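Good morning, everyone, and thank you for making the time. Please have a look at the structure on the screen, and then I will walk through a few places in it.

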Amino acid sequence: MDIFLLSLLIITIGGIFPLLSYRQFSLMKSGYIAITVAGCVIGLSAITAPLASSQIEHFSQSWLHFLSFNLTLDSLSAFFLVPIFAVCPLAALYSFKYFHKPEESLRTATNYLFFNLLIVTMALVATADNIFSFAIVWELMSLTSFFLVMYEYQKQETRKAGYIYFVFAQTGALCIFAAFALAYSQTGSLDFAAFASMPANMKYIVFLLALAGFGSKAGIFPLHIWLPHAHPAAPSNISAIMSGVMIKMGIYGIIRMFFVLGVDSVIFGQTVLTFGMISGILGIVYALGKQDLKKLLAYSSVENIGVILIGAGVGMMGIAHGNKVMAGFGFAGCLLHVLNHSIFKSLLFLGAGVVLHETGTKQIDQFGGLMKRMPTTGKTFLTGALSISGLPPFNGFISEFLIYYGAFQGLTLNATSAIFSSLAILSLALIGGLAVSCFTKVIGIVFLGEPRSEKATAAKEAGFAMTLPMIIMAATCLAIGLFPAPVVKMVMTALQSSSIPVPETSLVTEITGYLGFATRLFFIFIIVSLLLRKIFYRKKVVDSSTTWGCGFTKGTVRIQYTGTSYSGNVVEFFKPFLMLHTTYSGIKRIFPGKTTYETKVDDIAETTLLEYIISPFLYLLSKFRWIQHGHIQLYIAYIIITIIVLLMFI
Amino acid sequence: MESFISLAIALLAAPLFPGIILKVKAFFAGKQGPPLLIKYYTLFKLLKKGSVYSNSTSFVFTLGPVISFASAVIVLFFFPFAGNAPIFSFHSDVIILFYIMGLGRFFTVIAALDTASPFEGMGAAREVFFSTIAELAIFTVLILFYRLTGSLSFSEYFIGETPISLVGVSGALIVFVVVSMFMVLLTENSRVPVDDPATHLELTMIHEVMILDHSGPDLAMIELGAFYKLYFYAAFVTHLIFPFVPANGPVMNTVIFLAIMAAVYATIGIVESIMARFKMNLVPKFIFTSFALVFFAAILTIGVIQ
């Protein structure tokens, strides 16, 4: 525990350092990165022991005599600390080139401070062990990330996004505190450990409130509205951390809540599973419909949160049924996907950041041909896209496979659970197919083909400081995919020491052994096929020419398929669940003038919230506006009247 | 030993069977048709040639054929052709293999988008949409099979303790699966009524238009991969129809297997001869029918067994 706290201290110092040295721009950045990376490496070394064994470390600091600030580092916490300490330093390294304006030195320094505070508070969220400490660090985490989103505060769009994020974070916190308050009223104890003694129906209410609160942080549909606003507004290294790491704290909260409540009813699993399926499918459909690269990635986070929750739901159902294999594999898939998503989503956001940085646009339909202009970014982005689509031999497949395996076990249970399990399997299959559709669009339209705008034509590869973190992440994606056994073992150990029933080690070793064998075998098949191709092309004439235009000879880059048309089929298919607006000026005269055609996909959750909740509420509140009249004397009268009324009651 | 022989047959004979389709179609059209070995001639012709690459393409374009080929070949190593144990087999290999085929599709699609051709983009968009629905049908089949056998591997499905087949205990349900898998076969292998491999207008194509710019050995690899994929799906349907128990002996099994395979290919030919291609907006409905059929069967097992 001491080493863990030491690492947090170093990271905090790393955050303060830029404030003192912001006059020396390069020194500030390199010093900051060095200290932060050192702190994170120490943090990683501090969690190796709890990860590998069931060793639990405690820390307690009492405050005001009756409140105590408790931290506990067990294997589940340690597992969630892995992405925090592993991905954050890479994003920090990336920021060296990303923040390139010396004149904004002070602002960059502030950003660095909040970035490191975010790392520290996330680490504390993952270890907080009672209501009091959790509430404090949770709030701090929301606030620091709010300031990170507001980096470019002079843009109106950013301020709007920051405001939306703030509202969602606070509403979510409200739900979490309500859950805690309810639990406290039932148990009279601030410790999470006391939650298990609540009556069963109360547990469900507490869990639902917590699910809403943590879900709004994690981005469960329909509480995901802030994600597609906040991610495009924040700098790319910040979106990488928020999407890759911070929203996982919501998942951590849900899982931790489930464990401390110690429930045995199947309805918890079914609830989580249902939300998971909805988030997964609609997340990826909206991602397909979006034309803004970072918005697309934000919606894809909603989808991945869905996949993670499907895994958690399967695991919860397994626990309720006492089915060890289902519980173990469901939760293992869930946790592994948390880790995997933190790697490939950060990779994709960093890649998107490079693309934005070089071209200055976010619109997918403005890109094209970037694979040739920025080969390293292109290849690492391709790796990330393959991983996030859950395709072998990359890491996303490993976690999805574990969830599948758990869900298939559920098919032998009673009818309700069997139907839920089959729905889980089918949604995973559908999500997989749609993810392929979505990320072929991103790769195909952004990186392949011909550039669609001058900015894309002029794009160049970013510096090594920006590509190195992406190369590391891409290599990790492939490594976990080819050698899944150690990582799965780590996850299973983490589960076991959190007293989750896990299947026998022999079964896990067998399945992961096969899995690794299959992905490696496939990798060998690819290499053999490549060699075969080499042999076929020996001493052959290889020529180059233009693309076959199907008889059309005067093709320009504008006739290429766009992202909108590419995803049109699927988006139209899901029409009841999303709002597709088309504006078409039409062709009016014999000699048509300028015609315009525009399609826009609106988020149904956002419009519903706006139309049916916020607008009526605002209308209602506007009727009370006369209370706010600006006369200070009357305000004082309000206060006095309130006090008198209160005195009568007490 | 039998495993290697049946794999060798699969690897070598896969280009033969599409010739049957062409013969059947020629018969319906009252023509003599191309020779049975036409696909071999085509492959050799392509392998002898060089290639022309579009200026727009990058390394992804050359990777496309390689990966789609590798993903089609690897499946054959896991399938128990004619009831002979496959070379590799383990619990839950089906999920891995269907996902590997997904990877093959991913690369075919991005290779198509790499050419900057609007037609190829159109084909790619259709391909990913239709195959997503087909994937739903396939995973429903897996759910059903898990309910029936409790396993997740090709060899356990077809040569395990309770092999799945029309004449088995739950044969009535398998009727749905046969029909549905045949529809999936037509979809995944771009046959009529989903796609028309013989059409001449790029606008109406799905798979053919995606490989327009590939030439020479690259195209040969794509074609050969497509033959393997079709062979796998046809073998899947064949195994559903007839149980290849060891009692028949390996030679007899292989003969029956090849005969039923020929019949499946002939059926494809008949379907192509008597049906026109669906309009694009009807294709999803067609594929959803295959999903609905097996989903119905799966629901039945969930209700019946408890």
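I begin with Pro576(A), which sits in the loop between helix H21 (563-573) and strand E4 (579-584) of chain A, where helices (H or I, at least four residues) and strands (E, at least two) are DSSP runs numbered from the N terminus. Residues are numbered from 1 along each chain as its sequence is written, and chains are lettered from A and ligands numbered from 1 in the order in which they are written. Please keep in mind that this is a predicted model, in which local features need pLDDT of at least 70 and side-chain atom pairs count only at pLDDT 80 or more, while totals for chains, interfaces and linings use all residues.

Is Pro576(A) buried or exposed? Pro576(A) is exposed, because 7 other C-beta atoms lie within 10 Å; with C-beta atoms placed from the backbone, 12 or fewer within 10 Å count as exposed, 20 or more as buried, and anything in between as partly exposed. From Pro576(A) to Leu297(A) the separation is 279 residues in sequence and 22 Å in space, C-alpha to C-alpha.

Leu297(A) brings us to a helix pair, since H9 (residues 236-261) and H11 (residues 293-321) of chain A pack at about 20°, their axes 11 Å apart. Axes here are lines fitted to C-alpha atoms, for helices over the stretch in contact, and angles run from 0 to 180 degrees between N-to-C directions. H9(A) and H11(A) are therefore roughly parallel, given that angles under 35 degrees count as such, over 145 as roughly antiparallel, 65 to 115 as roughly perpendicular and the rest as oblique. Among the residues making this contact are Ile247(A) and Phe258(A) of H9(A), and Leu297(A) and Met316(A) of H11(A), two residues being in contact if their C-beta atoms, placed from the backbone, lie within 7 Å.

Turning to the interface, 66 residues of chain A are in contact with 66 residues of chain B. On the chain A side, H16(A) gives the largest share, 17 residues.

Finally, chain B itself has twelve helices and one strand. Its radius of gyration, taken over C-alpha atoms, is 19 Å, close to the 19 Å that the globule rule (2.2 Å times the number of residues to the power 0.38) gives for 306 residues, so chain B is as compact as a globular protein of that length. Buried residues make up 59% of those 306 residues.
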